[in-house]
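Got the model open in your viewer? Here's a walk through it, one selection at a time.

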Amino acid sequence: MCYSNSRISLIYMLATCTTCPISIYLNILIINFNLQDLSRGQFEEACQELAQTFADIPGLITKTWLANEETNTYGGVYHFENKQAMLEYKESEVFAAIGNNPAFINSIITDFGILEGPSKVTGIG
């Protein structure tokens, strides 16, 4: 399997390597919210403008941008290298800006560790 993003490629390689002595400990952060007074198109345009800001966050491996127009639910799934990187992000100005944005209501923020064994079988871990 080949990924164009080198960070994903490295994670995939380490996660699927059966002889590598390295273990990957990812932390996942899922943020969901509803949009208020902002269309999907406006939201998507803003996300495109902010994508590089997220790409530059230390310890963030990937962010998957979420959108469900039917339920007006948007957000992201963030994969961090470790819990410390996730905690530092949660203390950042970028994270605070999400929470303080009046166009984002009913926010739900949940963080997770991963189950390493089964995650290796299904492609990451």
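Start with everything shown as cartoon: five helices and four strands make up the protein. Keep in mind as you look around that this is a predicted model. Trace the chain from the N terminus and the pattern reads α-β-α-β-β-α-α-β-α. Colour by burial, and the buried residues come to 30% of the 125 in the protein. If you switch on contacts between residues at least 6 apart in sequence, 68% of them join residues at least 24 apart.

**Stop one: the sheet.** Select the four strands together. They form an open sheet in the order β2-β3-β1-β4, with antiparallel pairing. Why do β2 and β4 (104–113) each have a side without a neighbour in the sheet? Both stand at the edges with a single partner strand, so one side of each is left free of a neighbour. Look along the sheet and compare the strand directions: on average, neighbours are turned by 15 degrees against each other, direction ignored.

**Stop two: strand β3.** Now select residues 73–80, which is β3. Is this strand mostly covered or mostly open? Mostly covered: seven of its eight residues are buried.

Add β1, residues 27–35, to the selection; eight bridges join this strand to β3, and the two run antiparallel. To check the register, show Ile31, which stands opposite Gly76 in β3. Leu29 is another good marker, standing opposite Tyr78.

Next, bring in β2, residues 60–68. Here, too, eight bridges make the link to β3, again antiparallel. Pick Lys63 and look across to β3, where Tyr78 stands opposite. Tyr78 is thus a handy residue to centre on, with Leu29 opposite in β1 and Lys63 opposite in β2. For one more pair, show Thr62 and find His79 opposite in β3.

Before leaving this part, zoom in on the turn. Four residues sit between the strands in the hairpin of β2 and β3, and Asn72 takes a positive phi there, near 55 degrees.

**Stop three: helices across the sheet.** Select residues 40–55 to bring up α2. This helix lies across β1, β2, β3 and β4, and runs at about 180 degrees to β2. Then select residues 83–90 for α3, which lies across β1, β3 and β4 and runs at about 30 degrees to β1.

**Stop four: the largest pocket.** Turn on a surface or a pocket display. The largest pocket has a volume of about 300 Å³. Which residues should you click on to find its centre? Of the 20 that line the pocket, Leu50, Phe54, Ile98, Asn101 and Phe104 are the closest to the centre.

Now colour the lining by element. β1, α2, β2, β3 and α4 (93–100) each supply at least two of the lining residues. The largest share comes from α2, with six residues. Finally, recolour the lining by residue type: 15 are nonpolar, four are polar and one is charged.

Methods:
Residues are numbered from 1 along each chain as its sequence is written. This is a predicted model: local features need pLDDT of at least 70, side-chain atom pairs count only at pLDDT 80 or more; totals for chains, interfaces and linings use all residues. Side-chain values use heavy atoms; hydrogens and water are left out. Buried means under 20% relative accessible area, exposed over 50%, partly exposed in between (1.4 Å probe, protein chains only). Two strands pair if DSSP finds at least two bridges between them. Axes are lines fitted to C-alpha atoms, for helices over the stretch in contact, and angles run from 0 to 180 degrees between N-to-C directions. Contact means heavy atoms within 4.5 Å. On a 1 Å grid over the protein atoms alone, a cavity is a set of points where a 1.4 Å probe fits but cannot get out, and a pocket is an open set with protein on both sides within 12 Å along at least five of seven lines; lining residues have an atom within 4 Å of a point. Grid points are joined across faces, edges and corners, and a volume is the space filled by probe spheres set on the points. Ala, Val, Leu, Ile, Met, Phe, Trp, Tyr, Cys and Pro count as nonpolar, Asp, Glu, Lys and Arg as charged, and the others, Gly among them, as polar.
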